Amino acid sequence: MKILVTGGAGFIGSNFIRYMLKQHPDYKIINLDKLTYAGNLENLKEVEDNPNYSFVKGDICNDKAVEGICEKGIDAIINFAAETHVDRSITDPQAFIKTDIFGAQTLLEAVNKYKIKKYIQVSTDEVYGSINDGSFKETDFLDPSSPYSASKAGADLLVLAYKRTFDTPVIITRCSNNYGPSQYPEKLIPLFTTNAMEDKELPIYGKGENVRDWIYVEDHCSAIDSILHKGEIGEIYNVGADQEKTNLEVTEAILKAVDKPKSLIKFVKDRPGHDLRYAIDSSKLQKLGWKPKYDFEKGMELTVEWYQKNEDWWRKIKSGEYLKYYKKQYGRR
Ligand code: NAD
Ligand code: TYD
């Protein structure tokens, strides 16, 4: 199988590429990534010499870049490329609308033009919005709160519209909050883990009562692998591991793992439009035979260990050294 992975230099995309090349050594993977601040080719060092892996620097909004790959014959596109950080979407919403919506539409056009057999849109549980009790099913309506989740919801609707209008062979996945190796240290778990290692404050928004359902990134990768092979065209699959934690619980787990005091916790002004709780029902996906392998305790142990062993990786990002180097190499913003 020949797969175009977009956004493969980011956190989940790079974990997915490494996972797939191990699981399916005969598959070919082309990674199309614009290398924004979040794209990091160091995440792919392990596979860069693998003859079944290749990298193309390019924007999913650029139809020529996308078509240049698709015209050579692709069996499936898996779209991870996106602007992904809620806080950034509050200060710069337009970048999210461009990549997350227009980018997805550009890929859908290529799927139609080159008759690609499968398009997987990697979406998020954030499109449903917040839920006080119970959990969202795939049939629930979308009620996003941030420009990030609204952009992802916009893309989901467009993907479904392409199915109805053009019979485009699409599948949508909606996963909960991921954590694990090589997550950019702007998201809660890597930011707090690395801050704690540097004896810096951990800025908890509001009272730290917000709840997220945490999934170890490898479980998300195995879910997409199952959906790629067993998922039904036109369907949506929630992907969650039923590991709900408040932000305060997550923070305390991090402090315990790195043996740092609770005095590093600082309660700061809340994020505007901050969703209180995310929860999804993944039983539809489990019927395909998938189940998560890691509970929160094991996943956190592996994650903290990775950040401890890879200080060079995150220190270069946090100091700005990494961006300067790649700006020279790749001329990115
Ligand atoms: P990330 O921010 O770490 O990586 C995004 C990648 O996309 C980067 O490599 C970046 O360079 C690339 N990219 C951005 N704009 C691009 C463009 N216009 N063209 C080509 N490449 C571009 O994100 P992530 O956390 O790995 O998330 C990947 C996907 O999974 C996203 O679609 C996100 O919405 C979804 N998702 C993430 C989570 C999570 O907890 N991180 C949960 C559910 C779903
Ligand atoms: P984040 O990792 O940004 O993911 P998302 O907002 O997409 O769920 O944030 C996870 C939770 O942690 C969310 O409730 C916001 C909170 N948070 C903080 O309290 N402080 C921080 O510095 C960050 C980045 C997040």
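What does the side chain of Asn238 join in a polar contact of 2.7 Å? In this predicted model, the partner is the side chain of Tyr128. Asn238 belongs to strand 10, which covers residues 236-239, and its side chain also gets to the backbone oxygen of Asp281, at 3.2 Å. With a relative accessible area of 0%, Asn238 counts as buried because the cut-off for that label is under 20%. Setting aside neighbours within four places in sequence, the residues in contact with Asn238 include Phe136, Lys137, Glu138 and Arg174, along with Ile280, Ser282 and Leu285.

Moving on to helix 4, this element takes in residues 93-113, 21 in total. From first C-alpha to last it reaches 30 Å, close to the 30 Å expected at 1.5 Å a residue. Still, helix 4 has a kink of about 25°, centred on Phe102. Quite a list of its residues is buried, among them Ala95, Phe96, Thr99, Asp100, Gly103, Ala104, Leu107 and Val111. As a general point, an α-helix has 3.6 residues a turn, so residues three or four places apart point the same way. After helix 4 comes Lys115, with a positive phi near 50°.

Thr99 turns up again at ligand 1: one of its polar side-chain atoms sits 3.0 Å from a nitrogen atom of that ligand. The backbone pitches in too, with a polar atom of Ile12 at 2.7 Å from a ligand 1 oxygen and an N or O atom of Leu35 at 3.4 Å from an oxygen of ligand 1. On its own, ligand 1 exposes 840 Å², and the protein buries 97% of that. Helix 1 (11-23), strand 5 (118-124), helix 5 (147-166) and strand 7 (177-179) are the elements that each give two or more residues to the shell; strand 5 gives the most, with 3. In total, 28 residues surround ligand 1, and the closest are Ile12, Asp33, Thr84, Tyr148 and Lys152.

Then there is ligand 2, with 18 residues around it, of which Glu126, Pro203, Arg212, Arg271 and His274 come nearest. A polar backbone atom of Pro203 is 2.8 Å from a nitrogen of ligand 2. Side chains take care of two oxygen contacts: a polar atom of Arg271 lies 2.5 Å from an oxygen of ligand 2, and an N or O atom of His274 is 2.7 Å from a ligand 2 oxygen. Taken alone, ligand 2 exposes 510 Å², of which the protein buries 96%. Helix 6 (188-197) and strand 8 (202-205) are the elements giving two or more residues to its shell.

Terms used. Residues are numbered from 1 along each chain as its sequence is written. Chains are lettered from A and ligands numbered from 1 in the order in which they are written. This is a predicted model: local features need pLDDT of at least 70, side-chain atom pairs count only at pLDDT 80 or more; totals for chains, interfaces and linings use all residues. Side-chain values use heavy atoms; hydrogens and water are left out. Helices (H or I, at least four residues) and strands (E, at least two) are DSSP runs, numbered from the N terminus. Buried means under 20% relative accessible area, exposed over 50%, partly exposed in between (1.4 Å probe, protein chains only). A polar contact is a pair of N or O atoms within 3.5 Å; within protein, one must be able to donate a hydrogen and the other to accept it, and residues adjacent in sequence count only if both atoms are side-chain atoms. Contact means heavy atoms within 4.5 Å. The expected span of a helix is 1.5 Å times one less than its number of residues. The bend at a residue is the angle between axes fitted to the seven residues ending there and the seven starting there. A residue is near a molecule or strand if one of its heavy atoms lies within 4 Å of it. Accessible areas come from the Shrake-Rupley method with a 1.4 Å probe; for residues, only the protein chains shown count as cover.
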